[in-house]
Amino acid sequence: MKQLIEAIKSGNLSTFSSPAVKVYASSFTQVGSISLLLVRTEAGKKLIAVGEGDLYNQLNGEVVDGGKVAPLSHENRLTLNQFLPYTAPQAFGTQVATMGLGDRLGIAGPGHIQTIRGKDIRPVLAQQSIRELALTGRTYEDVLDAAAYAVFQEGYKDGYGADGDHLKKEEDIKYALRLGFTMLTLDCSENINNTIESLSEAEIAAQYEQLPARLRNHYENRYLETAANVPGATLYYTRQALQKDVLIYDAAINFMEAIFRKYIATLDRAVDFEISIDETATPTSPEAHYLVANELHDRGVSIFSMAPRFCGEFQKGIDYIGDITQFELELASHAAIAVHFEYKLSIHSGSDKFSVFPLIGQYTNGLFHIKTAGTNWLEAVRVVAKVNPSLYRRMHQYALEHFAEATAYYHVTTDIGAIVPLAESTDAGLPDYMDENNARQLLHITYGLLLQAKNADGSKQFADEFFQTLEEQEDTFAEGLRYHIGRHLELLGK
Ligand SMILES: [Zn+2]
């Protein structure tokens with residue numbers, strides 16, 4: 001340690017080399033007379049501080065050879081945020097493209113940053129839903145800590161966001177905001193009436209008639225008697241379609257407004273407020289999108305982005321399924337509506353939608369928010385398949401046995417029978433599973449079960465060995481992410 005401390009003091013890291021310590025040179029930074037460096041020792045990643053002053057004193061750690069060796073703890077992250085503002089999350093507003101890069105493992109941040117650095121798009125590195133927290137046994141503190149340390153490790157100073165993703169409950173909204181999350185994705189699915197879609201026209205009309213006359217008049221005046229004027233969007237309301245949209249979305253619009261007034265408008269800092277209406281039984285028509293947006297606008301609810309459910313299917317971890325011509329047609333209207341109301345169109349389950357990325361880049365003029373989450377987990381699994389075939393085989397087998405359980409959380413059309421049996425694959429061929437849609441979905445949706453699986457003695461069945469493997473292969477993992485997420489950016493025009 002003495003040699004390392006000397007090297008940090010001198011500011012010349014190249015004078016130090018040791019097989020037992022990996023130095024993250026990009027992290028090297030000075031705050032006043034204090035120098036900071038992130039390293040990995042046999043005991044894991046550590047923050048090393050050298051010098052004198054408040055930052056040094058506030059870091060919790062052990063004094064060794066005249067420097068402080070500090071763990072990557074939650075408390076130390078808060079201290080870093082205080083002295084190095086770029087390590088704290090920020091809101092971005094609507095004038096720059098953003099990409100949600102949900103990291104369920106807490107180790108994908110460096111690769112994500114390397115991919116996005118220098119490009120005309122900003123990363124939302126911390127992005128998890130409550131469901132993901134439950135499935136991985138993590139907290140929002142863990143998620144934010146991992147993102148902040150990744151930013152520090154890479155010396156990335158262009159800013160990153162933190163998204164409380166798909167939040168439905170006020171207690172979760174409060175939790176995320178209290179921790180300093182800078183983006184809030186309000187999931188309105190519990191206030192969207194999903195029973196309407198399956199009703200007959202007569203049943204819809206009957207339900208609609210039960211709404212207060214004042215409400216019906218409001219909607220009819222605005223959408224049937226006045227033509228919507230949104231340049232670039234094709235919008236045409238029929239009486240039946242309007243009745244349906246009102247029944248589906250009216251309560252959700254009230255919910256959006258209430259949350260905005262209570263939590264967003266009253267906040268003393270900027271928050272990127274996203275409305276998610278993607279979890280509905282039917283695709284969001286441009287007319288429904290406009291209706292929701294227009295009502296919000298009139299009530300003074302300003303938003304950062306809106307996530308409609310597009311036509312076709314955006315399943316996790318695989319390319320777009322559906323009619324691309326129709327997708328393009330509707331996308332043009334969705335994008336025009338977003339431009340009209342001055343927010344960004346948000347694309348959920350956006351990983352691996354290679355066939356529609358160029359259209360998304362084109363119609364949004366490069367101003368969009370796109371979310372990816374599980375694709376970095378699949379890249380991690382690909383690393384395991386390459387370097388630890390025995391672990392991969394055990395995980396794959398377990399995933400097959402527990403696939404049905406996982407489908408309770410995720411909608412996929414996986415054909416398990418189409419996956420090449422493990423016994424027929426050579427070790428060298430294992431990474432190929434990550435190029436096949438059915439196997440991708442199999443491993444994609446079982447992440448929570450795999451990470452939480454326990455042996456009879458209570459120890460983790462896969463997680464410890466998995467993280468150990470990824471730690472040893474940190475650079476390979478980052479390289480995989482640069483390639484895979486890099487392809488996303490390229491096709492999106494970034
Ligand atoms: Zn969504």
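**Exercises: a helix pair, cysteines and a threonine**

The axes of helix α9 (residues 213–223) and helix α11 (residues 286–298) come within 12 Å of each other and cross at roughly 110°. This is a predicted model, where local features need pLDDT of at least 70, side-chain atom pairs count only at pLDDT 80 or more, and totals for chains, interfaces and linings use all residues. Residues are numbered from 1 along each chain as its sequence is written, and side-chain values use heavy atoms, with hydrogens and water left out.

**Exercise 1.** Work out how α9 and α11 are oriented to each other, and which residues make the contact.

*Solution.* Start with the angle class: 65 to 115 degrees counts as roughly perpendicular. So α9 and α11 are roughly perpendicular. Next, look for contact, meaning heavy atoms within 4.5 Å. α9 brings H218, Y219, R222 and Y223, while α11 brings Y290, L291, N294, E295 and D298.

**Exercise 2.** Find how many disulfides there are, and say whether C188 and C311 are buried or exposed.

*Solution.* A disulfide needs a pair of cysteine sulfur atoms within 2.5 Å; the count here is zero. Now for accessibility: buried means under 20% relative accessible area, and exposed means over 50% (1.4 Å probe, protein chains only). C188 comes out at 0%, so C188 is buried. C311, at 5%, is buried too.

**Exercise 3.** Describe where T280 sits and what T280 touches.

*Solution.* First, place T280 in the loop between β11 (272–276) and α11. With a relative accessible area of 8%, T280 is buried. Then list what T280 touches, skipping residues up to four places away in sequence: I192, N194, Y249 and R309. Finally, a polar atom of the T280 side chain lies 2.6 Å from the backbone oxygen of T282.

Technical notes:
Axes fitted to C-alpha atoms, helices over the stretch in contact; angles between N-to-C directions. Helix = DSSP H or I, 4+ residues; strand = E, 2+ residues; numbered from the N terminus. Parallel < 35°, antiparallel > 145°, perpendicular 65-115°, else oblique. Polar contact = N/O pair within 3.5 Å; in protein donor to acceptor, adjacent residues only side chain to side chain.
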